[in-house]
Each structure stands twice: as structure tokens, then as C-alpha cells.
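Hello,

Here is the structure I promised to pass on to you. Please have it open while you read, as my notes follow directly below it.

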Amino acid sequence: MTEAISAMALVFLDPYLIGLIFLTTILGVVIGVLPGLGATTGAALLLPFTLTMEPVHAITVLATIYVAATFAGSITAILINTPGTSAAAATTFDGFPLAQRGEAGRALGIAVVSSTVGGIFSVIILCIAAPLLARVAYQFRPPEYFALTLFGLSMLASISAGGAIKNLIGGIFGVWLATIGAEKSTSIERFMFGNYELYEGLSFVPVMIGLFALSELFVQSKTVNSVMNRVAIKAVKLPTKEDYKKIWATILRSCGIGTFIGILPAEGATVASMIGYSEARRWSKNKDEFGKGAIEGIAGAESANNAATGGAMVPTMVLGIPGSGTTAIILVGLMVHGLRPGPYLFTEQVGTVYQIFGAMLLANFMFLGMGLYAAKYFARISLVPPAILWPIVFALSVIGAYSLSSSLLDVWIAVIFGIVGFFARRHGFAVAPIAVGLILGEMVEINLQNSLKMFEGDWWLIFTQPLAALFLVLAFLGLCGPFIFSKLVK
Amino acid sequence: MQSLRIYLIPFLIAVFSVVIIILSLQLDESPPMIVGDSMQPRAFPIFLMVLNLVLVIFLVLQNQRKPPEPIKLEPFATWSSIALMLVFYLVTRYVDFFIAIAAVIFGMCLIWGERRWWVVLLTTLVTPASIFLLFDQVLRIRFPRGLFTNWWYS
């Protein structure tokens with residue numbers, strides 16, 4: 001415990017880390033305000049740049065991008081009715097109408113304060129819940145891990161975009177991608193087609209860059225000629241006493257909702273903000289105001305989406321199961337730096353883990369300051385012409401894909417997955433399930449194999465293990481998740 | 001046209017799944033003493049694709065109940081941006097990686113509607129150059145040999 005607290009405190013005392021978090025927060029806010037880029041694309045683009053850093057610095061960069069970009073999506077959501085990230089989509093419902101009424105500063109002030117409270121709340125929960133969950137996870141053996149990963153995959157059914165069946169198909173495609181290369185226990189080559197660079201399997205980084213960054217480039221090419229309505233802003237205003245009276249209960253409720261949704265494997269800030277918004281509306285005395293500039297709507301969505309960031313880190317760090325698209329990239333970052341996510345991370349790398357948590361906490365304070373004093377300047381960045389921005393994203397993507405192992409094959413993999421991701425999205429398939437499937441694929445197969453060895457081939461004995469059975473029941477419930485979530489959102 | 005929207009994507013997924021099952025059946029078998037009580041390397045991909053085929057049936061049923069919305073044809077910028085990837089491959093393969101990146105940036109700037117020549121040229125030259133210098137000088141990454149890199153490294 002002392003080691004954990006001192007590791008967190010170290011972040012606030014280390015000038016290098018403070019400087020790094022400050023710069024990354026600025027970068028995260030810039031990424032967040034650029035429509036289309038978002039936390040996931042930003043993290044995918046920056047991942048190759050972190051390869052030469054110390055593990056703790058690298059993950060700090062990625063985690064800071066995650067929290068800062070998630071918050072910053074609200075700036076464009078409020079000022080130009082275009083969410084910088086999908087997680088800020090619910091913020092447009094009331095943020096933009098309020099801005100159109102000439103209260104853009106008030107709308108941004110509420111968004112900044114709600115996001116900060118949500119983010120700080122979730123980091124505190126992360127610090128408490130992660131080690132507790134890690135203690136439980138020490139008891140996990142292959143059957144439990146197998147059931148847990150199935151649970152994680154089943155939760156893909158309830159990711160907001162796509163639809164349950166399409167998400168599951170995407171997830172299975174991702175798991176299949178993980179089978180490419182030499183099979184781990186027998187070394188038999190699968191789907192390599194004579195290409196020995198694929199012996200170790202598909203590299204995660206180029207696939208992530210392709211799915212998230214390059215596919216987004218093709219999607220954004222559709223918006224080349226779109227004209228944005230921009231609301232001018234003089235200064236961001238802190239919420240008044242009356243505002244706080246109106247929104248404090250909403251913020252607290254959304255903090256709980258956001259953190260809980262974030263902890264669920266494969267769910268993320270987008271789902272959290274939608275539910276946070278709809279719950280704010282359900283509990284509000286002024287339901288008619290929603291959609292016309294209700295401050296509770298902004299507070300509900302913003303505190304929930306930022307609360308989901310800390311929540312999503314819990315399964316990522318403790319179980320190695322990503323809580324969202326961005327945490328899938330952070331997970332890849334952990335692996336690339338030799339930090340194997342799982343319960344043992346909390347005994348073997350306590351310092352590193354809590355420094356990352358401390359960095360997330362500090363990033364929340366930093367974007368509070370930036371949001372209050374520099375939001376109007378950041379908003380101007382959204383005016384960068386797409387014809388300049390996206391070619392630069394292309395260059396960063398292909399060089400990022402190349403730099404991991406100095407292989408042109410990785411560049412082609414990124415380009416191919418960019419095109420695959422674009423066509424998948426064109427036909428209503430989300431790309432996040434493919435990424436999550438790819439990450440969990442190896443875990444599913446290895447733990448199934450080890451479970452079969454453990455039970456001498458009697459696969460049904462997996463069901464006799466209480467924790468495994470619990471996860472399998474949860475997986476079943478996870479498949480019914482879309483229906484439950486759609487009811488909740490309604 | 002509506003039936004095409006309902007069945008085309010499920011059909012393509014089904015074909016993909018069947019092809020993978022056929023490929024999986026051709027994979028080598030591992031001796032029983034290595035596999036033990038576990039499964040053959042082919043079993044897991046086959047299981048996945050069978051699961052996919054089951055989901056395809058559900059997808060068809062879902063599409064029949066609620067046919068997918070017609071997909072709008074993407075603008076010129078989208079298709080030409082995808083076509084630029086082919087240009088990128090060819091120029092990388094036969095000329096140089098960085099010249100290919102510059103060519104794609106140049107083409108993309110114009111296709112996406114940038115008409116100020118100095119901006120196009122500046123983006124085309126400054127972006128690859130600064131990224132190259134960052135990766136080459138700071139991150140110490142060697143890039144594949146080509147027209148430009150041969151000159152630089154020599």
C-alpha cells in the first residue's frame with residue numbers, strides 16, 4: 001500500500017513526468033477536438049512513437065491521450081455540433097442547442113467540470129477496485145481464464161455500433177486473425193501462405209493502425225465538402241451555484257454508471273455517455289428541456305464518458321481484457337513493453353501500475369485547467385482543413401506501422417486492414433470487435449487447450465468450476481446485453 | 001436490389017467461412033503424443049468458422065425482418081483515396097518508400113479539395129521530411145532501400 005501511494009505521489013513530484021503529461025494532455029486535447037481523430041485513432045498513431053520510451057512513460061502517454069481526448073471531444077460537440085470522439089455524441093444533444101442560445105461558455109464549463117469529476121472518480125475506483133480484482137484473479141486457472149475471455153467476447157454483442165450479430169461476427173473474425181502464424185503448442189503453421197514473417201502471428205500494432213486510423217481516413221473522405229456551423233465563444237464560464245444544485249446528483253449518478261460500464265469488458269465511453277445521458281433525462285424534473293440545452297444532459301453525458309476511462313482500465317490491467325477500443329491499444333502498448341497484463345502486474349510491477357494511475361489522475365487536473373482557460377483556442381484547431389490533416393495522418397500511420405519491426409509487410413497489413421475496416425464500417429460492422437477479438441484470440445485458444453489438458457479431454461468439466469461457470473453464465477447474459485441496453489437507453 | 005442488400009454480405013461471409021474451413025482441413029496434423037488431450041491446430045479455426053456460419057443464418061433472418069438501409073455511393077474522394085493505396089504500393093515497391101508517401105500526400109491533398117498549390121507542396125515536402133528526420137535521427141529506425149534512402153544512407 002505504501003509503495004502504491006509513493007508511486008502515485010512520485011508522478012506529482014517528478015518534473016519529467018509532469019512535463020510529459022502536460023504535453024501529452026495538450027496533444028490529447030488537440031486529437032480530441034479534431035473531428036474523426038479521437039482517442040482510439042490518436043493512441044493508435046502515437047503507439048509507435050512510444051516504443052523507445054521507458055514502459056511507464058509509454059503507458060502514461062497512451063493513458064493521458066485516452067483521458068484528455070475523451071474530454072476534448074466535448075469541445076467540438078458543443079461548438080460545432082460534431083463530436084470530436086464518438087463518446088461525446090450524447091453531449092451534442094444539449095451542448096450545441098445551449099451554445100446556439102449564446103451560452104457556449106456555460107456549456108463548456110459544465111462539460112469541463114463534469115468530465116473532471118467523472119475522471120477523478122473513476123481513477124479513485126480504479127485504485128481501489130483493480131488490486132481487489134487482482135486478488136480474486138490470482139485464483140484463476142485456465143478454465144476460469146477461458147470462461148472469462150468468452151465473457152469478454154460475448155460483451156462485444158452490446159457495443160453500441162453495428163448490432164449484436166454483426167459485432168459477434170467481427171469478434172470471431174478477430175479471433176480467427178489471432179490463429180494466423182505458428183500454433184503455439186505444436187508449431188504447426190496456419191494461414192501463413194508461405195510468408196515466414198507471419199510465423200509469430202499478425203502484429204497487433206499495424207492491425208490497430210489500419211482498423212482505427214486508416215479506415216477512419218477513408219470514412220472521413222466522405223465529409224470533404226461538408227460545411228460546419230460554428231458557434232463563437234468568448235470565454236469558458238465555471239458553473240454557478242444554481243447550476244451545481246441542478247447537476248450534482250446527475251454527475252454522481254453518471255460517475256457510478258460510467259465507471260461500472262467501463263469496467264464491463266468491451267464496453268466503453270460511448271455506451272457510458274449514452275446511458276449517462278438517458279438516466280439524467282429519466283431522473284430530471286425538467287424532461288422537456290432535454291434536447292434544447294439542458295445542463296443536466298451535458299453533465300450526465302460528460303461525467304459518464306470520462307468515468308468510463310478509469311473503469312475501462314480495470315479489466316485491461318487486471319485481466320488483460322480490454323474495456324474499450326482505446327484500452328485495446330493501451331493493452332498492446334503494455335505487451336510491447338514487456339508488461340504482461342494480469343493480476344501479477346499488481347505484485348511484480350506495483351510501482352509502474354500506480355504511476356500510470358497517478359498519471360491519469362494528474363491528466364484529469366491538467367485538462368481541467370486547459371478546458372477552463374484554453375478551450376476557445378483549442379476549438380480553433382478544429383478548423384484545420386481535412387485536406388491537410390488526413391494526408392498527415394496517412395503518413396504517420398504507415399511509418400508507425402513500419403517502425404515496430406522495420407518491416408514493409410506491417411505497412412501492407414495496416415493498409416489492407418484500413419481498407420477492410422472501411423468496407424466493414426460501410427456495411428454496418430464496427431471495427432472495435434475485430435481488434436478485441438484479435439487481442440483475446442490467443443488467450444481463448446491457449447486457455448481452452450490447457451483446460452482440455454487439465455481435464456484430460458473432458459471439456460464439460462469446465463462447467464463444474466464455480467468461477468468458470470459464473471463467467472459462462474455472465475457470457476450468456478452478455479449475449480442478451482443489447483436487449484437490456486436498448487431498453488435502458490429508451 | 002433489396003434481396004441483394006439482404007443476402008450479399010451474409011453470402012460473402014459464408015463463402016469466407018467455408019474457404020477457411022477448407023484451408024483448415026488441409027493443415028498438418030500433430031502427433032497425438034504432442035497434442036495429448038488437447039485439440040488439433042485445425043480444430044479451433046474450424047470451430048470459429050462453424051460459429052460464424054450459424055451467425056450468418058441469424059444475420060440473414062435479421063436482414064429479412066429489417067432490410068439494411070441502401071448504402072450511398074461514396075464520393076470520388078473516397079474511391080480515389082483507396083486507389084492511391086495501390087499507387088503507394090507500386091511506388092514503394094519500385095521507387096522509394098518516402099517518395100511513395102510524398103506522392104500519396106500530394107494526390108490526397110488535391111483529391112480532398114486543397115487548391116492552394118503552396119500548401120499542397122509544403123504538406124507534401126515537409127510532412128515526409130520531418131517524419132523521416134524524426135525516425136531516422138531520433139528514433140534510429142532504418143528505412144527500406146530506394147531511390148531517396150540510397151542517396152541518404154550513402
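Below are my notes on the two chains, the cores and a few single residues.

Please keep in mind that this is a predicted model. For chain A the mean pLDDT is 84, and 93% of the residues reach 70 or more. Within chain A, confidence is highest in helix 16, at 94, and lowest in helix 19 (residues 481-489), where the mean is 63. Where pLDDT is low, the predicted coordinates should not be read in detail.

Chain A

The secondary structure of chain A amounts to 19 helices and two strands. Its radius of gyration is 22 Å, close to the 23 Å that the globule rule gives for 490 residues, so chain A is as compact as a globular protein of that length. Along the principal axes, the C-alpha atoms of chain A fill a box of roughly 70 × 45 × 45 Å. Of the 490 residues in chain A, 66% count as buried. If you take the contacts in chain A with a separation of 6 or more, 79% of them come from residues 24 or more positions apart.

One helix that I looked at more closely is helix 6 of chain A, which covers residues 142-154. This helix has 13 residues and reaches 18 Å from its first C-alpha to its last, close to the 18 Å expected at 1.5 Å a residue. Helix 6 of chain A is mostly covered, with 11 of its 13 residues buried. Among the buried ones are Tyr145(A), Phe146(A), Leu148(A), Phe151(A) and Leu153(A), and also Glu144(A), Thr149(A) and Ser154(A). What covers them? The cover over the buried residues of helix 6 of chain A includes helix 5 (89-137), helix 7 (164-177), helix 11 (295-319), helix 17 (432-454) and helix 18 (466-479) of chain A.

Helix 5 of chain A is also the place of Gly105(A). With a relative accessibility of 8%, Gly105(A) falls under the 20% cut-off and therefore counts as buried. Between Gly105(A) and Trp412(A) there are 45 Å from C-alpha to C-alpha, and the two are 307 residues apart in sequence.

Two loop residues in chain A

Phe191(A) is not a glycine, yet its phi is positive, near 50°. Phe191(A) sits in the loop between strand 2 (189-190) and helix 8 (204-220) of chain A. Ser406(A), which is not a glycine either, has a positive phi of about 50°. Its place is the loop between helix 15 (386-403) and helix 16 (408-426) of chain A. Buried or exposed? Phe191(A) has 6% relative accessibility and counts as buried, whereas Ser406(A), at 40%, counts as partly exposed.

Chain B

Chain B has seven helices and zero strands. The domain assignment splits chain B into domain 1 (2-65) and domain 2 (76-153). Taken over C-alpha atoms, the centres of these two domains of chain B are separated by 39 Å. The radius of gyration of chain B is 24 Å, while a compact globule of 154 residues would have one near 15 Å. Its C-alpha atoms fill a box of roughly 60 × 50 × 25 Å along the principal axes. Of the 154 residues of chain B, 44% count as buried. Among the contacts in chain B between residues at least 6 apart in sequence, 50% join residues at least 24 apart.

The nonpolar cores

The largest nonpolar core has 196 residues, and those with the most contacts inside it are Ile75(A), Phe357(A), Phe88(B) and Phe143(B). Helix 14 (residues 350-381) of chain A gives the most to this core, with 17 residues. Domain 1 and domain 2 of chain B both give residues to the core, so it lies between them.

Phe143(B) is a good residue to click on here. Leaving aside neighbours within four places in sequence, Phe143(B) is in contact with Ile399(A) and Tyr402(A) from chain A. From chain B, its contacts include Phe97(B), Phe98(B), Phe132(B), Phe135(B) and Tyr153(B). Apart from the largest core lies another, of nine residues, including Ile261(A), Ala272(A), Ile275(A) and Ala308(A).

Best wishes

Definitions and conventions. Residues numbered from 1 in each chain as written. Chains lettered and ligands numbered in written order. Predicted model: local features only at pLDDT ≥ 70, side-chain atom pairs only at ≥ 80, totals over all residues. Heavy atoms only, no water. Helix = DSSP H or I, 4+ residues; strand = E, 2+ residues; numbered from the N terminus. Buried < 20%, exposed > 50% of the residue type's maximum accessible area, 1.4 Å probe, protein only. pLDDT = per-residue confidence, 0-100. Expected span 1.5 Å × (residues − 1). Contact = heavy atoms within 4.5 Å. Core = buried A, V, L, I, M, F, W, Y, C linked by side-chain atoms within 4.5 Å. Domains from an automatic or database assignment. Rg over C-alpha atoms; globule rule 2.2 N^0.38 Å.
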